[in-house]
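Work through the following exercises with the sequence and the model at hand, and try each task before reading its solution.

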Amino acid sequence: MPHFIVEYSANLDGRADIQTLCEAIREQALQTGFFEIGAIRVRAISCKNFAIADLDERNAFVHIKLRMGAGRSLDDKRSIGEAIFATASKQLKPLLDEPYFGLSFDIQEIDPQLSWKKNAMHPRLRGA
Amino acid sequence: MPHFIVEYSANLDGRADIQTLCEAIREQALQTGFFEIGAIRVRAISCKNFAIADLDERNAFVHIKLRMGAGRSLDDKRSIGEAIFATASKQLKPLLDEPYFGLSFDIQEIDPQLSWKKNAMHPRLRGA
Amino acid sequence: MPHFIVEYSANLDGRADIQTLCEAIREQALQTGFFEIGAIRVRAISCKNFAIADLDERNAFVHIKLRMGAGRSLDDKRSIGEAIFATASKQLKPLLDEPYFGLSFDIQEIDPQLSWKKNAMHPRLRGA
């Protein structure tokens, strides 16, 4: 953790740079100061089939979900959320300027008692 | 929001029309009267690797998840769920008639305090 | 239910056998004794775009999410979790031995009042 999952309609291929978006989210997550570098995992899932709003062919969406361990204060969670959403909004501004796009983001907490992990990257990155 | 995410085993390609399913869910979501058209986002994710039940090669599944803002009554949520599930069941009836298919659906709520969105479609569609 | 969703970075193609991982999870889920065979659905989602930790090109991840009906005791859930995580760790041991990999797993419960399903496999498998 944290896990960032970017879901998007496949008609954004060629209209948005999803790889750059993933990297910008990673960078912003680091800059919040809440997360250890070795723990950050951003990934994107392209959705080939979709049905959005009025079905105009130009309609597209990006939804970003952050899943992270429970326990932080609401203020901290909202501060993380504002930062990530501002970054995503900036990256996708050209799309938001046209009336065919929806961007959304939410945070979901993971119960620490129902979570298991092994991270082989931490020793390498903590030693660096 | 609402977000409908259709996950399915890739062996349904050629056996089910996932695009039509997405569009039927969109249409039914509209007809419930609970959702604004510009907010509806249905998408499907194809899963190439899977292991279902007894591993019979014909085994397949569709799982639909609705993620929507928290706050509606249980009755309203159940009413939405019944309508969407009936639509999906109708669309996928030929599969349900064979003993190799599982269809499931669930609703998950999103904490409004941990949710951010910008929707450039609303002004266009509200004005229409 | 239960639903196992395996998300992984696409740079694992050729480095990990995701199909075998799915089958091992299915087998282990059966062996816990908590789940009916016809209900088990394991699937994997490959993520082509990602940004992990320090962006080293070798960095990769697998995240497994189990979504199952609410109502089991914490002890039972933890017992299921330990078993599945041990199986996944064993399957992915070569990756965990290198400092470029993160494996994680969590359990999420589904509200039975907001869940619908039709399973055409049960009659066939219960009769078997």
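**Exercise 1: the rotation axis**

Among the residues of chain A, A:Ile45 is the one that comes closest to the rotation axis, with its C-alpha at 4.6 Å. This is a predicted model, in which local features need pLDDT of at least 70 and side-chain atom pairs count only at pLDDT 80 or more, while totals for chains, interfaces and linings use all residues. Residues are numbered from 1 along each chain as its sequence is written, and chains are lettered from A and ligands numbered from 1 in the order in which they are written.

Task: by what turn and what shift can chain A be laid on chain B?

Solution: Superposing the copies by least squares on the C-alpha atoms of residues with pLDDT of at least 70 in both, one lays chain A on chain B with an RMSD of 0.0 Å by a turn of 120° and a shift of 0.0 Å along the axis. The two copies are therefore related as by a three-fold rotation axis.

**Exercise 2: the contact of chains C and A**

Task: how many residues does each chain give to the contact, and which element of chain C supplies the largest share?

Solution: Counting residues as in contact if their C-beta atoms, placed from the backbone, lie within 7 Å, one finds 31 residues from chain C and 30 residues from chain A. On the side of chain C, the largest share, seven residues, comes from strand 5, where strands (E, at least two residues) are DSSP runs numbered from the N terminus.

**Exercise 3: strands across the contact**

Task: which strand of chain A is joined to strand 5 of chain C?

Solution: Strand 6 (residues 115-119) of chain A is joined to strand 5 of chain C by five bridges, and the two run antiparallel; strands pair if DSSP finds at least two bridges between them. Within this pairing, A:Trp116 stands opposite C:Phe105.

Definitions and conventions. Contact = placed C-beta atoms within 7 Å. Helix = DSSP H or I, 4+ residues; strand = E, 2+ residues; numbered from the N terminus.
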